[in-house]
Amino acid sequence: MSRRNILFIMCDQLRWDYLGCSGHPSIRTPNIDALAARGLRFDRAYVQSPICGPSRMSFYTGRYVRSHGSTWNMVPLKLGERTLGEYLRPLGLRTVLCGKTHMTADIEGMQRLGLTKSSEIGALVAECGFEVWDRLDGVHPTGGKVPSHYNDYLAEKGYDGENPWQDWANSAEDADGTILSGWLMKNARLPARVKAEDSETNYTTTRAMEFIDQAGDDPWCLHLSYIKPHWPYIAPAPYHEIYGTDDVPPATRSEAERDDPHPLLAAYQAHRTSKCMARDDVREAVIPAYMGLISQIDDQIGVLMRHLEAAGKLDETLIVFTSDHGDYLGDHWLGEKELFHEQSVRIPLIVVDPDSRADATRGQVNTDLVEAIDLVPTFIEASGGTVPDHILEGHSLMPLVHGAPDWARDIAVSEYDFAFREARILLGTAIKDSRAVMVFDGRWKMVHVTGFRPMLFDLETDPQEFTDLGTDPAHAATRDRLGGALLRWTERLRTRTTMTDARVDQLTEIEKDEGIWIGVWDEADVARAKKAPKGRS
């Protein structure tokens with residue numbers, strides 16, 4: 001049966017292992033765990049780039065970064081790239097955004113074709129194909145991009161100031177009422193000035209429920225995209241104090257990682273964020289706040305599920321819960337994300353399908369290699385559409401959700417363009433050469449870095465990725481095999497997006513059917529060619 005609705009929930013910077021259902025020893029996420037119990041949890045899901053913008057563009061296009069071309073946060077998604085809404089709207093689903101996309105519009109391309117944001121088409125292509133219900137990208141310092149509605153909401157609630165997001169949602173205060181910036185990680189253990197019910201997480205949930213009510217019986221795909229637990233690491237009361245230092249796990253790192261590391265890893269370890277997050281006192285301040293923000297999201301997932309149930313929509317809605325990338329939190333002597341350790345590139349992914357065909361996998365854990373690009377074809381198939389596999393580079397997850405034993409992917413690939421980072425300057429690489437690509441076969445993870453030796457990790461014997469085998473002669477054959485897999489991957493990228501394979505087959509040797517004769521000597525050759533099947537001259 002086709003789905004009436006799709007609820008596409010994404011958190012920002014949520015690590016795969018910071019959920020109860022994925023084994024975290026102390027975090028409390030009962031509502032997300034309940035989704036895992038109702039659906040299928042994919043334990044080995046990987047993003048196509050470990051940073052917000054490119055990762056999300058792959059989520060929304062179903063295509064690798066190398067194909068869609070938005071390689072970093074400020075790089076526009078080029079005009080002409082099809083996105084989720086363009087596939088689902090013809091199937092009858094309003095495709096709506098509530099929260100973050102990190103979309104940067106191709107304004108130059110729009111101007112070249114005479115499109116404006118005020119036009120119907122222009123409004124959609126400028127917002128990654130979504131009908132915007134409420135856009136809240138979550139980082140709105142004074143002088144930066146203004147959220148579509150949130151600051152107005154805060155002002156109406158009596159939160160004063162030119163930028164209530166900055167002064168209330170992203171600030172604490174001391175006993176004297178002095179505002180303390182949430183950008184400073186020393187303030188992470190303090191409560192945000194904003195009340196929990198007016199914080200970004202609760203606000204976004206409320207707005208999503210308002211859309212669901214407004215939509216009535218019209219089918220929809222709602223992209224509910226939470227900014228948290230992305231930095232600034234500051235949580236409203238009571239979430240700021242749910243967890244303490246006893247809940248902070250020991251850092252996953254080794255001194256050996258700082259003993260002659262790969263040049264790219266060394267450059268990232270030298271970044272300001274990494275040097276800060278590698279400190280134990282910083283981790284002990286930040287991680288409890290990070291966990292509190294996750295539990296706040298979990299509470300809101302519970303509110304949302306109860307709302308869907310009360311509206312009679314819970315059993316007619318396909319629900320997906322995921323994240324756009326992880327967060328190092330000091331592991332491997334790193335902060336932020338951007339490299340390819342599991343903490344950064346691996347994400348949570350839960351699919352809850354109300355169809356009885358999914359009963360075969362309900363509550364189970366799948367260990368196939370899946371990627372962010374698999375969601376667009378999943379949504380198309382779930383909505384009764386035909387997957388355009390000459391464009392989309394992912395595979396629908398619906399067969400796995402319904403218990404199919406076979407899976408089409410044997411490697412996962414992720415890419416990163418570090419041209420925008422200090423690492424490029426430290427390494428002295430050219431902008432066009434500041435690229436890294438991960439290829440992972442489920443055991444061996446190789447990272448190709450342009451102009452440098454590769455990194456190689458054996459996650460079977462070294463699951464913490466401490467030992468880099470990138471120069472070990474004993475593993476040359478493995479590096480060659482993964483290099484060959486990476487080359488094969490580049491050969492199969494979808495560049496012919498304007499014509500299907502079926503149409504190519506129809507047009508093969510079409511010239512003789514049109515009376516165009518190439519390479520013939522006489523009338524007898526023409527007669528033989530007319531009778532010959534395709535592929536036989």
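Which residues have the most contacts inside the largest nonpolar core? I began here, keeping in mind that this is a predicted model.

**Entry 1: the cores**

I looked up the largest nonpolar core and found that it has 66 residues, with Phe8, Phe42, Phe59, Leu264, Phe379 and Leu397 making the most contacts inside it. Helix H14, residues 375–382, supplies the largest share of this core, 5 residues. I noted for the background that nonpolar side chains tend to be buried together in soluble globular proteins.

I then took phenylalanine 8 by itself and, leaving out residues up to four places away in sequence, listed what it touches: Phe59, Tyr60, Leu84, Leu222, His223, Leu224, Val320, Thr322, Leu375 and Phe379. Two of these partners, Phe59 and Phe379, are also named among the residues with the most contacts inside the core. I also recorded a second, separate core of 46 residues, which includes Leu7, Cys11, Ile287 and Ala289.

**Entry 2: helix H9**

I checked the length of helix H9, residues 200–215, against expectation: at 1.5 Å a residue its 16 residues should span 22 Å, and the end C-alpha atoms are indeed 22 Å apart, so the two agree. I next asked how much of H9 is covered, and found that 12 of its 16 residues are buried. Among the buried residues are Glu200, Arg207, Tyr203, Met209, Phe211 and Ile212, and the list also takes in Thr201, Asn202, Thr204 and Thr205.

The cover over these buried residues includes the strands S3 (94–99), S4 (131–135) and S7 (220–229), together with the helices H7 (150–156), H8 (164–169) and H12 (280–310). After H9 comes glycine 216, and I noted that its phi is positive, near 60°.

**Entry 3: helix H12**

Having met H12 as part of the cover of H9, I looked it up in turn. Helix H12 has 31 residues and reaches 45 Å from its first C-alpha to its last, close to the 45 Å expected at 1.5 Å a residue. H12 is mostly covered as well, with 23 of its 31 residues buried. I found that H12 is followed by glycine 312, whose phi is positive, near 75°.

**Entry 4: the pockets**

I turned to the largest pocket, in which about 950 Å³ of space lies. I listed 37 residues in its lining, and those nearest its centre are Trp183, His230, Trp231, Glu336 and Arg421. Helix H11, residues 272–277, gives the most to this lining, with 5 residues. By class, I noted 15 nonpolar, 12 polar and 10 charged residues in the lining of the largest pocket.

The second largest pocket has a volume of about 430 Å³. It is lined by 14 residues, of which His395, Asp410, Ile411, Trp489 and Arg492 are the closest to its centre. Here helix H17, residues 476–491, gives the most to the lining, with 3 residues. I recorded 7 nonpolar, 1 polar and 6 charged residues in the lining of the second largest pocket.

**Entry 5: histidine 68**

Is histidine 68 buried or exposed? I found it in helix H3, residues 65–68, and its relative accessible area is 1%, which is under the 20% limit, so I entered it as buried. Leaving aside neighbours within four places in sequence, histidine 68 is in contact with Pro54, Met57, Ser58, Thr61, Arg63, Leu77, Lys78 and Glu81. For one of these partners, proline 54, I also looked up the separation: the two C-alpha atoms are 8.8 Å apart, and the residues lie 14 places from each other along the chain.

Note on methods: Residues numbered from 1 in each chain as written. Predicted model: local features only at pLDDT ≥ 70, side-chain atom pairs only at ≥ 80, totals over all residues. Heavy atoms only, no water. Helix = DSSP H or I, 4+ residues; strand = E, 2+ residues; numbered from the N terminus. Expected span 1.5 Å × (residues − 1). Buried < 20%, exposed > 50% of the residue type's maximum accessible area, 1.4 Å probe, protein only. Contact = heavy atoms within 4.5 Å. 1 Å grid on protein atoms, 1.4 Å probe; cavity = no way out; pocket = protein on both sides within 12 Å on 5 of 7 lines; lining within 4 Å. Points joined across faces, edges and corners; volume = space filled by probe spheres on them. Nonpolar A, V, L, I, M, F, W, Y, C, P; charged D, E, K, R; others polar. Core = buried A, V, L, I, M, F, W, Y, C linked by side-chain atoms within 4.5 Å.
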